[in-house]
Amino acid sequence: MNHAQSKKLLMILICVIIFINSSFSCFATELEEAAQARKQLPIQSNEIKDWPEGPEIGAQAAILMDAGTGTILYAKNIHQELYPASTTKIMTCLLAVENASLDDTVTFSYDAIHSVPADGSNIGIDAGEYLSLEECLYGIMVGSANEVANAVAEHVSGSIDAFVDLMNEKAKSLGCTNTHFANTNGLQDSNHYTSAYDLALIGREFFSNELLCRVGNTPRYHFEPSAGQKDDFYLNNKHKLINGEISYNGICGGKTGYTDLARETLVTCAERGNMKLVCVVFMEESPAQFTDTVTLFDYGFNNFKAVNVKSEEKSYIPESNSFFTSGADIFGSAYSVLDFSKSDYVILPQNADLSDTTSTVSYDEAGNGTVATINYSYNDTPVGKVHVIISDSASQAKQTLSSQDSERIIYINVKTCLLVFVIAGGTLIILIYISALISTYSFGGSLEDRKRLSRRKKEARKRSGPRF
């Protein structure tokens with residue numbers, strides 16, 4: 001190559017670099033403008049009267065939900081159907097632990113590996129190799145491995161398609177109404193979508209499982225050589241709130257996701273005190289999905305509180321009422337037959353009290369020890385519910401009685417019995433006294449008796465003669 005050709009090639013290379021830089025700069029500008037436009041989108045939770053004002057964030061859709069009550073603390077386009085990307089995999093892992101054992105052997109088929117793009121997230125396993133189901137969970141949650149999600153699906157349901165059907169059935173059972181899954185891993189598909197609200201419902205279920213929280217909160221996982229696969233390697237979690245790049249107290253776990261159309265997606269759970277929150281953000285630009293998640297967690301923990309209904313509610317169950325209490329022993333110690341569930345609570349703004357809520361009674365959940373359910377709302381926003389149950393004391397007494405097969409035990413309230421005896425005895429004495437008075441001063445009798453009495457009086461006057 002001569003000097004002239006070299007110079008020409010260099011000029012072409014410079015032009016290409018300039019073009020690429022210019023294109024990238026324009027693309028970055030477009031993304032930034034789109035993010036700024038999304039910040040101006042309305043926040044529906046800010047329309048609630050006396051509700052703490054939520055922050056502006058660059059996500060297209062976002063939700064902050066209390067995991068225990070389902071109370072929605074922050075809502076922005078929460079029912080809009082969007083692409084979840086790899087956050088899909090929390091559903092895959094949830095179904096795996098519900099339908100298989102951790103020590104199950106998962107063998108990787110050719111289809112499980114080669115039905116996903118080779119340049120996508122994977123752990124490099126070959127067809128015919130195998131892992132335990134527990135190792136697969138780490139491969140999915142920490143390494144976001146697409147082929148591992150497929151292999152687990154085949155192990156659980158026999159085929160990927162059958163497992164996808166199971167995913168959609170589970171989503172429906174959890175109350176998801178804007179969700180349809182088309183694959184196990186979140187790879188781009190126009191028929192694979194969900195909403196921030198629906199993913200939060202799935203997240204509530206996922207983060208209620210202690211094992212899944214542990215797996216989903218793992219910053220780094222070591223795969224050691226085994227009979228099933230011979231490689232020695234580490235997987236590093238890309239979730240910055242989990243791997244320590246962004247420090248935040250109380251993180252329980254989470255999952256990242258990205259495709260060109262979905263952009264950055266993120267689901268995360270954090271717990272402080274007696275509040276456990278699930279945060280979902282859709283269609284963000286990195287690293288805003290992490291910083292906005294922190295912003296939403298701070299908003300939730302700083303502006304809301306969990307109120308235990310049992311300690312605060314003064315209505316519905318009278319403290320002293322013979323219809324709601326029963327003697328537990330011969331000394332008259334009483335226990336309430338009905339009680340509030342100890343673990344039930346509602347979520348309220350920091351400056352609000354339970355007295356600021358309205359409540360309705362439902363019997364839809366009656367059975368299995370639940371008598372009724374009281375649903376609470378704050379300015380027409382559901383904030384939780386409490387179950388009215390058979391009290392522990394009443395249940396224990398019932399169990400004690402039912403365990404005595406050969407004898408029947410009757411508890412007597414001595415104080416009550418004595419009171420009844422005193423009243424009955426006093427009443428009897430008064431009745432006897434009244435009867436005696438009536439007998440003593442009675443002027444009644446038969447007609448013949450009165451005639452005889454009259455004749456005796458006349459005869460006595462005759463015998464006595466006149467008096468002077």
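This is a friendly conversation between a student and a tutor about a predicted model of one protein chain.

Student: What does the secondary structure of the protein chain come to?

Tutor: The protein chain has 14 helices and 17 strands. Of its 468 residues, 41% are buried. Among contacts with a separation of 6 or more, 63% are between residues 24 or more positions apart.

Student: Let's turn to the rings. Why is the pair of W51 and Y378 called tilted?

Tutor: Two things go into that name. The ring centres are 6.1 Å apart, and rings count as a pair if their centres lie within 6.5 Å. The planes stand at 45 degrees, whereas stacked needs under 30 and edge-to-face over 60. The angle fits neither of those classes, so the pair is tilted.

Student: And what makes the pair of Y74 and Y299 edge-to-face?

Tutor: Use the same steps. The centres of Y74 and Y299 are 6.0 Å apart, and the limit for a pair is 6.5 Å. Their planes are at 75 degrees, so the pair is edge-to-face, the cut-off being over 60.

Student: Where along the chain do these two pairs sit?

Tutor: Each pair links distant parts of the chain. W51 is in the loop between α1 and β1, and Y378 is in strand β16, 327 residues apart. Y74 belongs to strand β2 and Y299 to helix α10, with their positions 225 residues apart. Ring pairs also bring F304 in, giving a cluster of W51, Y74, Y299, F304 and Y378. By the ring rule, the count comes to 10 aromatic pairs.

Student: How do you know whether those four residues, W51, Y378, Y74 and Y299, are buried or exposed?

Tutor: Set each relative accessibility against the cut-off for buried, which is under 20%. W51 has 7%, so it counts as buried. Y378 has 6% and is buried too. Y74, at 0%, is buried, and Y299, at 5%, also counts as buried.

Student: Now the sheet. Why does one side of β2 and of β7 lack a neighbour?

Tutor: The open sheet has five strands in the order β2-β1-β9-β8-β7, with antiparallel pairing. β2 (72-76) and β7 (251-259) stand at the edges with a single partner strand each, so one side of each has no neighbour in the sheet. From one strand to the next, the twist averages 5 degrees.

Student: What makes β1 and β9 a pair?

Tutor: Pairing calls for at least two bridges, and six bridges join β1 (residues 61-66) to β9 (residues 275-284). The two strands run antiparallel, and A61 stands opposite F282 in β9.

Student: Which helix lies across this sheet?

Tutor: Helix α7 lies across β1, β2, β8 and β9, running at about 35 degrees to β1. The axes of α7 and α2 come within 10 Å and cross at roughly 35 degrees, and the crossing is left-handed. On the α2 side, I90, M91, C93, L94 and E98 meet L199, I202, G203, E205 and F206 of α7. By class, this contact has seven nonpolar, one polar and two charged residues.

Student: How do you know that helix α4 is mostly covered?

Tutor: Eight of the nine residues in α4 (residues 133-141) are buried. Among them are L133, E135, C136 and Y138.

Student: Why do N77 and D380 get attention?

Tutor: Both have a positive phi without being glycine. For N77, phi is near 50 degrees; for D380, about 70 degrees. N77 is in the loop between β2 and α2, and D380 is in the loop between β16 and β17.

Student: Is each of them buried or exposed?

Tutor: N77 has a relative accessible area of 19%, so it is buried, with the cut-off at under 20%. D380 has 74%, so it counts as exposed, since exposed means over 50%.

Student: And what makes E285 buried?

Tutor: E285 has 16% relative accessibility, so it counts as buried, again by the cut-off of under 20%. E285 is in the loop between β9 and α10 and touches L31, R38, R263 and E264, leaving aside residues up to four places away in sequence. From L31 it is 254 residues away in sequence and 7.5 Å in space, C-alpha to C-alpha. P287 lies in the loop between β9 and α10, and a cis peptide bond joins S286 and P287, with omega about 5 degrees.

How values were computed. Residues are numbered from 1 along each chain as its sequence is written. This is a predicted model: local features need pLDDT of at least 70, side-chain atom pairs count only at pLDDT 80 or more; totals for chains, interfaces and linings use all residues. Side-chain values use heavy atoms; hydrogens and water are left out. Buried means under 20% relative accessible area, exposed over 50%, partly exposed in between (1.4 Å probe, protein chains only). Helices (H or I, at least four residues) and strands (E, at least two) are DSSP runs, numbered from the N terminus. Axes are lines fitted to C-alpha atoms, for helices over the stretch in contact, and angles run from 0 to 180 degrees between N-to-C directions. A crossing is left-handed if the near helix is turned anticlockwise from the far one by less than a right angle, and right-handed if clockwise. Contact means heavy atoms within 4.5 Å. Ala, Val, Leu, Ile, Met, Phe, Trp, Tyr, Cys and Pro count as nonpolar, Asp, Glu, Lys and Arg as charged, and the others, Gly among them, as polar.
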